[in-house]
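Grab a coffee and work through these exercises with the viewer open. Try each task yourself before reading the solution.

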Amino acid sequence: MKFVHRLLGILIAFCLMWILFITSIQAVVYWNPGYFEKEYTKYQVLDDLPPMTMEDLLDVTDEMMDYLKGDRADLHVVTTMGGETREFFNNREIAHMEDVRDLFLGAIFLRRVCLVAAVACLALLFGLKAQIRRVLPPALCLGTGLFFGILAVLAAIISTDFSKYFVVFHHIFFKNDLWILNPETDMLINIVPEGFFLDTAARIAGLYGALVLVLFGVSLFLSLRGRGKK
């Protein structure tokens with residue numbers, strides 16, 4: 001029975017890791033005021049676009065981000081560029097962003113599934129009359145450590161050649177070549193260059209790592225304290 005208790009605890013840890021990961025992504029790209037403007041300024045993206053204001057570009061970005069989280073029905077965003085009113089995204093970009101939205105909403109849905117699964121595992125532990133204070137902290141330490149170790153190895157590999165693994169990521173998660181954009185005709189690739197993705201990935205990794213370390217630290221503290229009392 002102790003094995004079952006420990007397994008349930010590890011499953012809770014894995015669920016929490018995914019929940020924290022998706023939450024970290026949201027925190028960086030949605031809950032970080034001024035982030036896009038800072039990145040646009042850093043990479044001087046306005047220089048690679050037909051003449052338009054930063055305010056208009058940020059309005060387009062807000063519409064794009066609303067679309068990705070399902071708060072907007074389509075990505076036909078009209079703005080002023082080069083002195084004329086036109087749609088910012090072309091058909092190829094819109095088709096690609098549909099794939100991106102499906103991926104993002106799928107991750108959000110999976111986070112909800114993990115939340116439900118974590119609560120169910122916790123309820124099952126109570127139902128099995130497990131000693132939660134003795135079972136859960138060590139299991140969380142083990143599960144968190146294993147999951148974080150795997151991700152750390154992946155992060156180390158990706159950091160050796162971000163461009164290469166950025167392409168690999170697209171090949172894995174997209175079944176078409178719509179993500180291959182032309183900077184001469186496609187605005188999307190100009191407003192989010194590779195440097196933007198590198199910065200964003202670094203911020204997400206930093207926040208996620210901090211959250212995981214806090215979870216691991218609290219679990220380790222409770223685990224050691226439980227052993228001391230025992």
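The exercises below go from the overall fold to charged pairs, the nonpolar interior and the surface of this predicted model.

**Exercise 1. Get your bearings: work out how many helices and strands there are, and in what order they come.**

Solution. Start by counting: the protein has eight helices and two strands. Next, walk along the sequence, and the order reads α-α-α-β-β-α-α-α-α-α. Now look at the dimensions: along the principal axes, the C-alpha atoms fit a box of roughly 75 × 35 × 30 Å. Finally, check burial and contacts. Of the 230 residues, 37% count as buried. Among contacts between residues at least 6 apart in sequence, 76% link residues at least 24 apart.

**Exercise 2. Find the salt bridge made by Asp199 and say which parts of the chain it ties together.**

Solution. Step one is the partner: the side chain of Asp199 pairs with that of Lys42, at 2.9 Å from N to O. That is inside the 4 Å cut-off for a salt bridge. Step two is location: Asp199 sits in helix 8 (residues 194-229) and Lys42 in helix 2 (residues 35-42), so the pair ties together parts that are 157 residues apart in sequence. Step three is exposure: Asp199 has a relative accessible area of 16%. Buried means under 20%, so Asp199 qualifies as buried.

As background, oppositely charged side chains can pair when their charged atoms come close.

**Exercise 3. The structure holds five salt bridges; look at those of Glu63 and Lys69, and decide how exposed these two residues are.**

Solution. Take Glu63 to begin with. Its partner is Arg72, with the closest N and O atoms 2.7 Å apart. Glu63 is partly exposed, at 28% relative accessibility. Then turn to Lys69, which bridges to Asp71 with a closest N to O distance of 3.6 Å. Lys69 is partly exposed at 34%, while Asp71 is exposed at 54%. One last step is to look for shared partners: Glu63, Arg72 and Asp74 are joined into one network of salt bridges.

**Exercise 4. Map the largest nonpolar core and find which helix gives it the largest share.**

Solution. This core has 34 residues, and the members that touch the most others are Leu57, Leu75, Phe88, Phe89, Leu188 and Ile191. Sort the contributors by element: helix 1 (2-29), helix 2, helix 3 (54-68), helix 4 (91-127), helix 7 (188-191) and helix 8 each give two or more residues. Helix 3 supplies the largest share, seven residues. Now zoom in on Ile191. Setting aside neighbours within four places in sequence, Ile191 contacts Tyr40, Val45, Leu49, Leu57 and Phe88. There's also a second, separate core of 14 residues, with Leu8, Cys114, Ala118 and Leu136 among them.

**Exercise 5. Locate the nonpolar patch on the surface, then see what UniProt says about transmembrane regions.**

Solution. The patch consists of Met1, Phe3, Val4, Leu7, Leu11, Leu124 and Leu128, with about 660 Å² of accessible area together. Helix 1 gives the most to the patch, with four residues. Leu7 is in helix 1, and its relative accessible area of 39% makes Leu7 partly exposed.

Over to the record: an unreviewed UniProt entry places "transmembrane region" at residues 103-128, 135-158 and 205-224. Check two of these spans against the model. Residues 135-158 are 100% helix, with end C-alpha atoms 35 Å apart. Residues 205-224 are also 100% helix, and their end C-alpha atoms lie 28 Å apart.

Note on methods. Residues numbered from 1 in each chain as written. Predicted model: local features only at pLDDT ≥ 70, side-chain atom pairs only at ≥ 80, totals over all residues. Heavy atoms only, no water. Buried < 20%, exposed > 50% of the residue type's maximum accessible area, 1.4 Å probe, protein only. Core = buried A, V, L, I, M, F, W, Y, C linked by side-chain atoms within 4.5 Å. Contact = heavy atoms within 4.5 Å. Patch = residues over 30% accessible without salt bridge, like charges linked within 9 Å, V, L, I, M, F, W, Y side chains within 5 Å. Areas by Shrake-Rupley, 256 points an atom, 1.4 Å probe, with all protein chains shown as cover. UniProt positions renumbered as here; feature names shortened; annotations may be inferred.
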